[in-house]
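Me: Please go through the ligand site and a pocket of the model below.

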Amino acid sequence: MNLAELKESLSQPKKIVITTHHKPDGDAMGSSLGLYNYLIQNGHHVQVITPTDYPIFLHWLPNNGEVIIYTEQEEQSKEFIAAADFIFCLDFNALSRINEMGEWVGASAAKKILIDHHLDPVDFDDFRHWRVSACSTAQLIYEFIADLMQEPELISKDVADCLYTGILTDSGSFKYPTTTAEVHLIVAELIKKGADNYRIHQLIYDNSSEDRLRFLGHCLSNRLEVFSEFNAALIWVSKADLEQFNILTGDTEGLVNYALSINGIRLAALIIERPDRVKLSLRSTGDFPANEICKKYFNGGGHRNAAGGASDDPFESVIQQFKNLLPTYKSLLLQ
Ligand code: 5GP
Ligand code: MN
């Protein structure tokens, strides 16, 4: 399907499902609800379906109340997916990233529209707006609305608040190298359209529970290991730690960055003993390929400097596997 065909088809009201990767983050939800708040203005019937729940600090996003969660409303989700004319797949590159929902999306006759910035997307889509150099999927949603669909006037305050959130969170608060001059110009446009930048920063970053802050202190004091000889650091979090501090979805977000913020550290890992499996988050600086480690050893992938994976092995053994890899990567880590 080319752009002209897509535009033509979207000129009439359609049944549209929007979905995004499991455990959605600020970019995933900002992109999904940004696109939702745009599409409804053209009379489409739109349903956002997330594969799993997501952090409470994102629940203020405009029209968050319209989102359904696949694991909580499975039958209804399947019906929407089967009946859809279009399924927008945002901020993920393979159907495996939406868990069981992927089977139903794959089987649906709907046209699949991929909007994403992850490496190596799998070929499951009918149309894509994809660019790995984009700072966020929210940036690509902005381009989709303003440049591809040529409807910048439909970037309402609601759309702007959502897209600002996506760009803010995925660019590390406008810090990462992908935050180009063009990104700042888009952000300026979003603020002109009503994005409430100061309030959004507060809602996202100054919104921790006391438990979450004390958990952070616990992790930094008792769970951080620094391997200076490899320029690497690790924070590990056990199931008991999660329980002790009543840790909720989203509460561990950003934790790995503290390990990376230590002077000289090139690779930081966060290893968490989740109830179902052990989850890893890796962050690196420069050319060090965190995604290669995740792909090769931990059934995952991601970007060069921000990647993740998971393992069904016991928690202690996953920690040991990570430590054992450090000598293998020593020369790259010391570069
Ligand atoms: P996080 O560490 O925040 O969970 O994930 C960072 C990035 O790594 C995500 O944006 C995503 O691109 C990637 N990622 C995380 N977990 C996985 C995974 O299990 N599989 C793949 N392919 N990528 C992942
Ligand atoms: Mn993203």
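What follows is a set of questions and answers on the ligand shell and one pocket.

Reply: This is a predicted model, where local features need pLDDT of at least 70, side-chain atom pairs count only at pLDDT 80 or more, and totals for chains, interfaces and linings use all residues. Residues are numbered from 1 along each chain as its sequence is written, chains are lettered from A and ligands numbered from 1 in the order in which they are written, and side-chain values use heavy atoms, with hydrogens and water left out.

Me: Which strand gives the largest share of the shell around ligand 1?

Reply: The shell holds 13 residues, each with a heavy atom within 4 Å of the ligand. Strands are DSSP runs of at least two residues, numbered from the N terminus. Four residues of the shell, its largest share, come from E12.

Me: How far is an oxygen atom of ligand 1 from an N or O atom in the side chain of His 118?

Reply: His 118 is among the closest residues to ligand 1. A polar contact here is a pair of N or O atoms within 3.5 Å. For the side chain of His 118 and an oxygen atom of ligand 1, the distance is 2.9 Å.

Me: Where does the second largest pocket lie?

Reply: Its lining has 13 residues, with Ile 56, Phe 57, Asn 207, Ser 209 and Asp 251 nearest the centre. Both domains, whose bounds come from an automatic or database domain assignment, contribute to that lining, so the pocket lies between domain 1 (3-205) and domain 2 (210-333).

Notes: A polar contact is a pair of N or O atoms within 3.5 Å; within protein, one must be able to donate a hydrogen and the other to accept it, and residues adjacent in sequence count only if both atoms are side-chain atoms. On a 1 Å grid over the protein atoms alone, a cavity is a set of points where a 1.4 Å probe fits but cannot get out, and a pocket is an open set with protein on both sides within 12 Å along at least five of seven lines; lining residues have an atom within 4 Å of a point.
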